[in-house]
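Open the model in your viewer and keep the selection box handy. We'll go stop by stop, picking residues and looking at what is there.

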Amino acid sequence: MDEVKVLVVDDSDDDALLIIRQLTKAGLEVSHVRADTAADVAAALTDWSPDVVISDYTMPSFRAEEALEQVRAHDADIPFLLVSGQVGEETATAMMRAGARDFVLKGRLARLAPAVQRELREAAERRRRRRAEDALRESEERFRLIAEHAQDIIFRYRLVPEPVMEYLSPAVEAITGYRPEQFYEHPGLIFSLVEPEDRVVLAQSWCEDHEGMVTIRWNLRSGGVAWIEQRAGAILDRDGRAVAVEGILRDITERVRAEQNKLELEQQLRQSERLDSLGRLAGGIAHDFNNILAVISGYATMLAEELEENGPNRADAQAIEQAAARGSALTRQLLIFSRLEPSRPETLDLNVVATDMQRLLARTLGEDIELRTVLGPDLPPITMDRSKLEQVLMNAVMNSRAAMPSGGRLTIGTAAEPDGDFVCLTITDTGCGMAPEVAARAFEPFFTTKGRGNGTGLGLATAYGVVTDAGGTIGLESQPDQGTTVRVRLPAGSTGPAGEAVVARTPSAGGRGQRILVVEDEDGVRDIVCRILKKAGYDVRASGDPQEALKMCLDFNLHVDALLSDVIMPGMSGTQLAAELRRTRPGLPVLFMSGYTSGPKPGGQELPLDAPLLYKPFQTDQLLQTLDQLLHRSR
């Protein structure tokens, strides 16, 4: 990226330098100017032309609202970001409505660089679109000038004492397909060609004593429809009665179609922007929600382990674990729908997946549902993210369960297509089925027949996105009172990235006094992780600040056997912390954890190849097993 010119509106040199240092640390090449008065801001905008404006809110003699107004008046495309630690939610919302592009707390400056990069990209895109719109307007103006000099239809039509076409230029034949003589012979032809809905408008325009413009539609001899723009005025007699009308008829069909196409493109763009905003919102919510779920799941697991096997409260603890798991699944479902969840493809046997899911589903569906599997022999393998495939199957099965409130039969089938190119998965129920108009909307996002509070409408929409991304197809067949069949076709492949073998954690797996440094800025997550590790036999040291953790190791000579760190933290990322520690100990084992699941690089951070990543929320066994394997490899 080229050098970024930053105008910092702040009365503090130290705060301005902190902002610039944060941007530079993120890899941006930055030059900056600081301003804290209206005159300084005006001069910087005029003489320096900044790429982005970053403003504090609270300043002694200058308000952020005034700075924003100056920037908007100068160039509305310049991104304006508010950085402050003392602004309430209402004030921040008001600034965003006024045109501020983002709001970053001074305590969470790690968000600043990504926000600046995003806004610079969006500003460039807005300018590109404006140039394209200007070019389109210029093109339309040239078209208009050409059309004015083209051979339009010139006419004069007498109204009284009887309708007669007095004159019609030859251009009418090129437009309508009818010769002028035919209009002379049949004066009513000009009205009969007009769409019935437009005839009243045309008749009224012929009675007005001043020239006006109306647009009408003509049915052409070829069978098409032409949009005609009429500029005409009535000829009045001495009594003010319209006796004739004369004017020009111009074919504007191409212009109308261009405007319709433009409106369609604008609608598609707005839809794309709404989905993009939804995706960014889902990613941010997922991070915070996953941290919360990690705490809930961890404490529930520890509580369950401490309770008696058949104790009265053991089931309650397990129910909490299951609720956290459902919350995690919903978060993942939102991210899959928003295309933010990264795929982790592996080579799978569809029969094995269906068999494993049958055990889970048998407990979930209830005793009033007869669950059957019909598995085809010798299926070729498929390459797909297993959890996403399970999500597709679970969504379809849950919809089938809802369609059979009084019980029924559900059949999961697999088969290979005769040509061997695709493997089929079918889910068939004997439920209430769907009317054609309902089945046609089944894969629309947020469409549900379950009523308010009983479904998100994301299930089949998510399944559609997952299957399509895997190169397959999904459809359904349904009739009222005859059940429903969901049919999934997935491409077969003899080779593909094999899934990592999951080694079952043995009872002896765990710590033997190894010292683990846990660095996590979320207090709840840090606490539960430390408790899990201590209980497993590890010597744990913890910090909520990566700078403090670095000081513990370097300045106080703290020796650790492994680093367990969050990826995105204020002030310093986990990857930066790991890199600093590995300067003095290159072979230090590192395990990362993150609540960001929007891609293989959480928050855009590139992870070391030898450092595994745990996505929050994770299970206790998963944490201990991964850490045990990491320490084992480092010996």
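Which residue forms a salt bridge with aspartate 356? Select arginine 386: its closest N and the O of aspartate 356 are 2.8 Å apart. A salt bridge here is a side-chain nitrogen of Lys or Arg within 4 Å of a carboxyl oxygen of Asp or Glu. The pair ties together distant parts of the chain, with arginine 386 in helix α13 (residues 386–402) and aspartate 356 in helix α12 (residues 350–365), 30 residues apart. Helices (H or I, at least four residues) and strands (E, at least two) are DSSP runs, numbered from the N terminus.

Before you move on, a word on what you are looking at. This is a predicted model, where local features need pLDDT of at least 70 and side-chain atom pairs count only at pLDDT 80 or more, while totals for chains, interfaces and linings use all residues. Residues are numbered from 1 along each chain as its sequence is written, and side-chain values use heavy atoms, with hydrogens and water left out.

**More salt bridges**

Turn on the surface and check the pair you just picked. Arginine 386 is partly exposed at 21% relative accessible area, and aspartate 356 is partly exposed too, at 29%. The cut-offs are: buried under 20% relative accessible area, exposed over 50%, partly exposed in between (1.4 Å probe, protein chains only).

Stay with helix α13 and select arginine 401. Its side chain meets that of aspartate 368 in a salt bridge, 3.1 Å from N to O. Aspartate 368 sits in the loop between α12 and β12 (369–374), 33 residues away from arginine 401 along the chain. Arginine 401 has 21% relative accessibility, so it counts as partly exposed; aspartate 368, at 35%, is also partly exposed.

Now jump to arginine 158 and glutamate 166. Their side chains form a salt bridge at 3.7 Å, N to O. Arginine 158 is partly exposed at 26%, as is glutamate 166 at 34%.

For a group rather than a pair, select Asp102, Arg111, Arg118 and Glu119, which are joined in a network of salt bridges. How many salt bridges does the structure hold? The count is 37. As background, side chains of opposite charge can pair when their charged atoms come close.

**Cysteines**

How many disulfides are there? With a disulfide taken as a pair of cysteine sulfur atoms within 2.5 Å, the count is 0. Two cysteines to click on are cysteine 432, partly exposed at 43% relative accessibility, and cysteine 530, buried at 8%.

**A charged patch**

Head towards the start of the chain and select Asp2, Glu3, Glu29 and Asp51. Together they form a negative surface patch. Patch members have over 30% relative accessible area and no salt bridge, with like charges joined within 9 Å and nonpolar side chains (Val, Leu, Ile, Met, Phe, Trp, Tyr) within 5 Å. Aspartate 2 itself lies in the segment before β1 (4–9) and is exposed, at 68% relative accessible area.

**Backbone stops**

Switch to sticks on the backbone. Most residues other than glycine have a negative phi, and most peptide bonds are trans. The next stops are worth a click with that in mind.

- Valine 160 and proline 161 are joined by a cis peptide bond, with omega about 0 degrees. Proline 161 is in the loop between β6 (153–158) and β7 (164–168).
- From lysine 616 to proline 617 the peptide bond is cis, with omega near -5 degrees. Look for proline 617 in the loop between β22 (613–615) and α19 (620–634).
- Serine 49, a residue other than glycine, has a positive phi near 50 degrees. You'll find serine 49 in the loop between α2 (38–47) and β3 (52–55), partly exposed at 41% relative accessibility.
- Aspartate 481 also has a positive phi, near 65 degrees. This residue lies in the loop between β16 and β17 (484–491) and is exposed at 70% relative accessibility.

**Last stop**

Select glycine 471, in the loop between α15 (459–469) and β16 (473–478). Glycine 471 is partly exposed, at 44% relative accessibility. How far is its C-alpha atom from that of alanine 492, and what is the separation along the chain? Draw a distance line: the two C-alpha atoms are separated by 10.0 Å, and the residues are 21 apart along the chain.

Conventions
Accessible areas come from the Shrake-Rupley method with a 1.4 Å probe; for residues, only the protein chains shown count as cover. Lys and Arg count as positive and Asp and Glu as negative; His and the chain ends are not counted. The place of a charge is taken as NZ of Lys, CZ of Arg, CG of Asp or CD of Glu.
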